[in-house]
Amino acid sequence: KCFGEPRFTGRSLEIAHPEYRIVRDELPPPDGVLTPVYPTTEGLGQARLRKLIDQALDIGWDGFELPGFSPSMGDAIVQLHRPPADSTELDRNHAQQRLATDELLAHHLLMKERQVLRMRERTVALPQARGLGRELLDRLGFELTDAQKRCLRELFSDLDQDQPMMRLVQGDVGSGKTILAAFAAIRAAEHGAQTAIMAPTEILAEQHYLNFSEWLSPLGIEVCLLTGRLSAAERRERLARIEAGSVPVVIGTHALFQKSVTFGNLALAVIDEQHRFGVHQRMALKHKGQMPHQLIMTATPIPRTLTMAIYADLDISIIDELPKGRQPIQTRMLPDSRRDEVIDWLKPRLLKGDQVYWVCNLIDPSEDPKLHCVTDLFTDLQTALPSVSAALLHGRLPSEEKSGAMAAFKAAETRLLIATTVIEVGVNVPNASIMMIERAESFGLAQLHQLRGRVGRGTEASTCLL
């Protein structure tokens, strides 16, 4: 007997790659259980998956019992992978809820265990020493928001202790998380200790390097950038100085995890956009020093209940206020058929001096003619807007070209930046007031939130078109 989807090929019906069973005598009776259908991948088909899972089911699953929960763990696993023929959707939902509860409880207990272990750990306290933080505050040229001040007090309270800080700062895009990290880095530098700042992309690392250099260099605190762009000689020289402890602030990407990077006196680790890094990577940076304080930052909005579950091992500060003068971003959704209208709407704004991001998530052409790739889009927009200076930015460009494109846009030498999601985090161009996002339905909500946050960073009213 065989099973599959029959299709006409010419005048004949065919079943491509059917599931089959050879029956030599009578057809055997049904198994009495429903047949599971699993997501497959190349080299791992349904038959192989079912055989492996059957072997796992035969081992037996006796989990601890949760009061008031039915079915048991073993029954729940069987109900999901080998359900009886009379199983209902409600039965399967109960089984799924049981396993989900087990998984959440196990995660929560693990997070709480980490919290308890952290309470026993000891590190170097970083109380205020030379007052350089006050000097930075006087130099900033803007006043911190009340929310920033509150979070800074919480952060400083942690750094005053010899128990390692483990704090998550959650704040909307543009709410001013980075300046908090700068004040924390000053505390470490005042004690002759080092700060490592880890960013998920080279563009964001370079952006942080520029910001931290502007803030800290006048205070006599050196900032060093460590990325893959360095020559072998430059890298050796910087690694030697980092190991000697003579560079107070080191900014980099995943390169900071490498075994070749040794810190002489690491007291603070700052992890930006933490959702881009795994727990093991976070822990790897932790072991670069003698149990350094950790400051973790994210702009992804997380409901409080989820925050308590996912980050139960962290203390949490929330920046729930944007800097004064920021205006709300108007977000609109348009069909692709109105593309020409959008270009006509953009043209006078670009010529007036506005700056625009146009984001596309493909680098290479797709088989689907409806999907635009960033290189074709760049050519099309140059044709449609010949008098507008434009730049192309995507992850496969050489580092020098990426930095050049970003620098030109930031300096307003180019008005239109056609880019992939490499600009998703950390890019700060206050004059950019319009964000265009191609095929918005292909992005996740967190990505859309981050991309929209690239505009609305100045005093002009901004627009995001999906």
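1. Salt bridge in helix α3. In this predicted model, the side chains of Arg98 and Asp102 form a salt bridge, with N and O 2.9 Å apart. Both residues belong to helix α3, which covers residues 89-120. Because they are four residues apart in that helix, about one helical turn separates them. The relative accessible area of Arg98 is 0%, so this residue is buried. Asp102 is also buried, at 7% relative accessibility.

2. A link between distant parts of the chain. A second salt bridge that involves helix α3 joins Arg118 to Asp315, and here the closest N and O atoms are 3.8 Å apart. Arg118 lies in helix α3, whereas Asp315 lies in strand β11 (residues 315-319); the two are 197 residues apart, and the pair thus links distant parts of the chain. The two partners may be set side by side in terms of accessibility. Arg118 counts as buried, with a relative accessibility of 7%. Asp315, with 28%, counts as partly exposed.

3. Salt bridge in helix α4. Glu135 and Arg139 are paired in a salt bridge whose closest N and O atoms are 3.6 Å apart. Helix α4 (residues 132-139) holds both residues, which are four residues apart, or about one turn of the helix. Is Arg139 buried or partly exposed? Its relative accessibility of 49% places Arg139 among the partly exposed residues, since the exposed class begins over 50%. Glu135, at 32%, is likewise partly exposed. Elsewhere, Asp54, Asp58 and Arg82 are joined into one network by salt bridges that share partners. The count of salt bridges comes to 20.

4. Geometry and burial of helix α5. Helix α5 runs over residues 146-159 and has 14 residues. The distance from its first C-alpha to its last is 20 Å, close to the 20 Å expected at 1.5 Å a residue. Its buried residues are Ala147, Gln148, Cys151, Leu152, Leu155, Phe156, Asp158 and Leu159. Viewed down the axis of α5, these buried residues fall within an arc of 165 degrees, and therefore they line one face of the helix.

5. Surroundings of helix α5. Which elements do the buried residues of α5 pack against? They pack against the strands β5 (166-171), β10 (293-298) and β11, and against helix α6 (178-190). Strand β11 is also the element that contains Asp315, the salt-bridge partner of Arg118. On the face of α5 turned away from its buried side are the exposed residues Asp146 and Arg153.

6. Helix α13. The twelve residues of helix α13 (residues 399-410) should span 16 Å at 1.5 Å a residue; the end C-alpha atoms are 16 Å apart, which agrees with that expectation. Buried positions in α13 are Ser399, Lys402, Ser403, Ala405, Met406, Ala408 and Phe409. These buried residues pack against helix α7 (202-216) and against the strands β13 (355-359), β14 (390-393), β15 (416-419) and β16 (432-437). Just after α13, Ala412 adopts a positive phi of about 65 degrees.

7. Leu465 in strand β17. Leu465 is part of strand β17, which covers residues 462-465. This residue counts as buried because its relative accessibility is 7%, and the limit for burial is under 20%. In sequence, Leu465 and Thr331 are 134 residues apart, yet in space their C-alpha atoms are 5.9 Å apart. What does Leu465 contact, leaving aside its neighbours within four places in sequence? The residues in contact with Leu465 are Arg332, Leu334, Val342, Trp345, Met435, Met436 and Ile437. Strand β16 (432-437), against which buried residues of α13 pack, is the location of Met435, Met436 and Ile437.

8. The chain as a whole. The protein chain contains 14 helices and 17 strands. Taken along the principal axes, its C-alpha atoms fill a box of roughly 90 × 65 × 45 Å. The chain has 466 residues, of which 45% count as buried. Among contacts with a separation of 6 or more, 74% are between residues 24 or more positions apart. The accessible surface of the chain comes to about 24900 Å², and 53% of it belongs to carbon and sulfur atoms.

Methods
Residues are numbered from 1 along each chain as its sequence is written. This is a predicted model: local features need pLDDT of at least 70, side-chain atom pairs count only at pLDDT 80 or more; totals for chains, interfaces and linings use all residues. Side-chain values use heavy atoms; hydrogens and water are left out. A salt bridge is a side-chain nitrogen of Lys or Arg within 4 Å of a carboxyl oxygen of Asp or Glu. Buried means under 20% relative accessible area, exposed over 50%, partly exposed in between (1.4 Å probe, protein chains only). The expected span of a helix is 1.5 Å times one less than its number of residues. Contact means heavy atoms within 4.5 Å. The arc is that of the directions from the helix axis to the C-beta atoms. Accessible areas come from the Shrake-Rupley method with a 1.4 Å probe; for residues, only the protein chains shown count as cover.
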